Amino acid sequence: MKTCSPPTFACWLLESVLPDPYREAILGDLIEEYTLRIESTSRFTASRWFWSQTCRSVPSMVWSSLRSGNCFMTVSIAMGVYILMGTLKFAADLMISKVVSPDQATRVILAPIVFLTTTAIGGCVAARIRRGATIFLALFVTITVAILIDLKVCSIPVPWWYQFGFLTLGPLAVIITPALFGRLKQRGPVT
Amino acid sequence: MKRGELLGSLEHIILLALVRLDGDAHGMIVRREIEERTGRNISIGAVYATLERLEAKGYVSSFTGEPTPERGGRAKRLFRIEAAGKRALQISEQTIRSMTADLKDRWGTI
């Protein structure tokens with residue numbers, strides 16, 4: 001049997017998004033079928049099939065989770081973590097402006113670091129409580145950043161890519177960081 | 001007939017697949033059976049979402065199998081059709097049969 005591993009990012013996505021009861025079963029089924037498909041076709045064809053299954057499965061499972069009534073609890077958890085994240089970011093910003101440097105240029109440099117750290121921490125906390133909450137948290141972060149960009153909160157003129165970075169990397173940090181930590185944790189005892 | 005006993009099309013197909021597979025089956029086997037017989041390339045997520053719904057209705061039961069290396073150390077979720085599921089299938093089949101009775105002559109015009 002060929003040694004193979006399915007597309008890493010697709011696995012991360014499934015691990016982050018799928019609801020708890022069937023996450024392991026769905027991932028296991030896909031990995032098993034992927035291995036069989038690699039034997040009979042090519043790695044490219046098998047990976048394309050894996051991605052197609054991932055993209056089509058996520059909406060079905062998320063919708064099913066919403067219909068089954070877990071939605072309210074999941075959104076509440078996401079909202080709680082979102083408030084926690086906001087408090088953490090406010091405290092960090094205050095500390096930077098008072099203790100580190102009141103200079104605006106320094107704050108522009110440090111802002112993305114603080115933002116990505118808090119979103120990553122928020123993602124990990126949300127995933128620890130309930131996996132599905134990370135999707136809603138990412139959605140809240142996207143909406144907040146989009147509103148802040150639209151309101152032109154930043155007093156210093158910054159390039160478009162600086163704002164675009166916040167809009168894309170923030171939600172990604174919420175989703176990917178817990179999956180990344182989960183993967184590292186899984187690898188730990190094996191080695 | 002109770003309202004809850006009416007099956008959706010995917011529910012109907014998945015229950016039939018479980019009857020055909022005759023025993024405990026996991027999601028990917030069910031998906032493969034449907035693809036081979038109907039040519040419908042449905043997603044594994046849709047299969048599990050439907051199985052979850054059927055389980056909530058009491059038509060199927062599930063249990064966790066042993067984790068295996070070829071599944072990346074992940075356990076299977078095995079499903080089995082229950083008596084209530086077989087009854088729902090029969091009612092659904094009867095309903096379709098009564099609705100399609102004497103329609104053979106008209107198929108050409110529909």
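1. A good place to start is the packing in chain A: the buried residues of H4(A) pack against helix H5 (104-129) and helix H6 (133-151) of chain A. Those buried in H4(A) are A:Thr74, A:Ala78, A:Val81, A:Tyr82 and A:Met85, where buried asks for 20 or more other C-beta atoms, placed from the backbone, within 10 Å of the residue's own. Helices (H or I, at least four residues) and strands (E, at least two) are DSSP runs numbered from the N terminus.

2. A word on the source: this is a predicted model, in which local features need pLDDT of at least 70 and side-chain atom pairs count only at pLDDT 80 or more, while totals for chains, interfaces and linings use all residues. Residues are numbered from 1 along each chain as its sequence is written, and chains are lettered from A and ligands numbered from 1 in the order in which they are written.

3. On confidence, chain A averages a pLDDT (the predictor's confidence in each residue, from 0 to 100) of 82, and 88% of its residues score at least 70. Among the elements of chain A, helix H2 (residues 20-40) has the highest mean, 89, and helix H7 (residues 160-190) the lowest, 76.

4. Chain B has 4 helices and 3 strands, in the order α-β-α-α-β-β-α from the N terminus. Of its 110 residues, 36% are buried.

5. Now the interface: 19 residues of chain A and 17 residues of chain B take part in the contact, with contact meaning C-beta atoms, placed from the backbone, within 7 Å. On the chain B side, H3(B) gives the largest share, 6 residues.

Methods
Two residues are in contact if their C-beta atoms, placed from the backbone, lie within 7 Å. A residue is buried if 20 or more other C-beta atoms lie within 10 Å of its own, exposed if 12 or fewer, and partly exposed in between; C-beta atoms are placed from the backbone.
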